[in-house]
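Here are some friendly notes to read alongside the model. Please keep the structure open and look up each residue as we reach it.

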Amino acid sequence: MSPLEALAVLAAGVGAGTINTIVGSGTLLTFPVLVAVGLSPVTANVSNALGLVPGSITGAIGYRRELAGQRERLIRLGLVALLGGATGAVLLVTLPSKAFHAIVPVLIAAALVLVVLQPRLSRAVQARRERQGTTAPAHGGALLALGMFVASAYGGYFGAAQGVIYLSLMGLMLDETLQRINGLKNVLAAMVNGIAAVLFIFVADMDWAAVGLVAVGATIGGLIGARVGRRLPPAALRGLIVAVGIVAIVQLILK
């Protein structure tokens with residue numbers, strides 16, 4: 001890797017760490033750059049997964065105030081995320097590389113629709129609960145757990161726009177603000193990337209120079225993303241989620 005290529009990977013890591021903390025989809029920056037500097041798609045994917053872990057951690061630390069009072073929820077959904085992430089990592093090394101390509105754009109598009117409609121849907125669901133005299137499950141219930149498992153499996157497999165899917169699912173099924181959900185998303189994404197990376201170390205080839213560069217960049221980006229993301233009003237954050245998701249869909253289709 002030449003000095004210029006190394007600088008490009010580092011810069012992509014900063015951008016990915018920033019975007020991942022605010023929304024998700026940082027892989028759309030780092031993965032193409034890693035492939036462009038000569039890594040095979042699988043090596044780029046597994047190196048990227050490990051490299052992004054520190055950025056997810058710094059992003060989660062930056063959102064620590066929003067995580068207050070969510071310990072039990074984090075434990076429950078964290079176990080689901082770990083199981084899903086491990087499943088996705090196993091699928092990556094056993095299935096053809098194009099196995100998810102057809103369904104992923106549709107999955108992201110559905111997530112974007114939920115993000116846009118989430119305030120209206122949440123009000124409708126709340127009104128129905130009030131009429132029936134019921135309350136929302138504190139941690140989203142079985143349906144959220146199932147959705148998060150599938151999203152985490154996808155994250156362990158590839159992960160582009162995983163954060164968008166997380167935000168849409170939790171935004172619809174949890175009675176929380178978008179910023180508190182975003183903090184939760186950052187921790188869960190770190191868990192998925194972490195468990196996938198641990199498995200990849202034993203069964204796949206890593207490019208450790210790429211891992212280091214992405215890790216340094218993502219760590220910086222995670223700190224930047226937390227400072228920026230926490231200041232965004234809900235409407236702006238929702239608009240950014242939709243914009244990033246559309247870019248993800250376009251890029252995946254054009255592949």
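1. Let's start with one charged residue: glutamate 72 is partly exposed, at a relative accessible area of 46% (buried is under 20%, exposed is over 50%, and partly exposed is in between, with a 1.4 Å probe and protein chains only). Arginine 76 also counts as partly exposed, at 47% relative accessibility. Their side chains meet in a salt bridge, 3.0 Å from N to O (a side-chain nitrogen of Lys or Arg within 4 Å of a carboxyl oxygen of Asp or Glu). Both residues lie in helix α5, four residues apart, about one turn of the helix.

2. A word on how to read these values. This is a predicted model, in which local features need pLDDT of at least 70 and side-chain atom pairs count only at pLDDT 80 or more, while totals for chains, interfaces and linings use all residues. Residues are numbered from 1 along each chain as its sequence is written, and side-chain values use heavy atoms, with hydrogens and water left out.

3. Now step back to the whole chain. Its secondary structure comes to eleven helices and zero strands (DSSP runs, H or I of at least four residues for helices and E of at least two for strands, numbered from the N terminus). Of the 255 residues in the chain, 51% are buried.

4. How many salt bridges does the structure hold? There are four. One of them joins arginine 230 to glutamate 66, with the closest N and O atoms 3.0 Å apart. This pair links distant parts of the chain, 164 residues apart: arginine 230 is in the loop between α10 and α11, and glutamate 66 is in the loop between α4 and α5. Glutamate 66 is buried, at 12% relative accessible area, whereas arginine 230 is partly exposed, at 29%.

5. Elsewhere, Arg73, Glu176 and Arg180 are linked in a network of salt bridges. Within this group, the closest N and O atoms of arginine 180 and glutamate 176 are 2.7 Å apart.

6. Do look at lysine 185, in helix α9. Lysine 185 is buried yet has no salt bridge, and the nearest side chain of opposite charge, glutamate 66, is 12 Å away (Lys and Arg count as positive, Asp and Glu as negative; His and the chain ends are not counted). Which residues does lysine 185 contact beyond its neighbours within four places in sequence? Among them are Asn20, Thr21, Tyr166 and Met170 (contact means heavy atoms within 4.5 Å).
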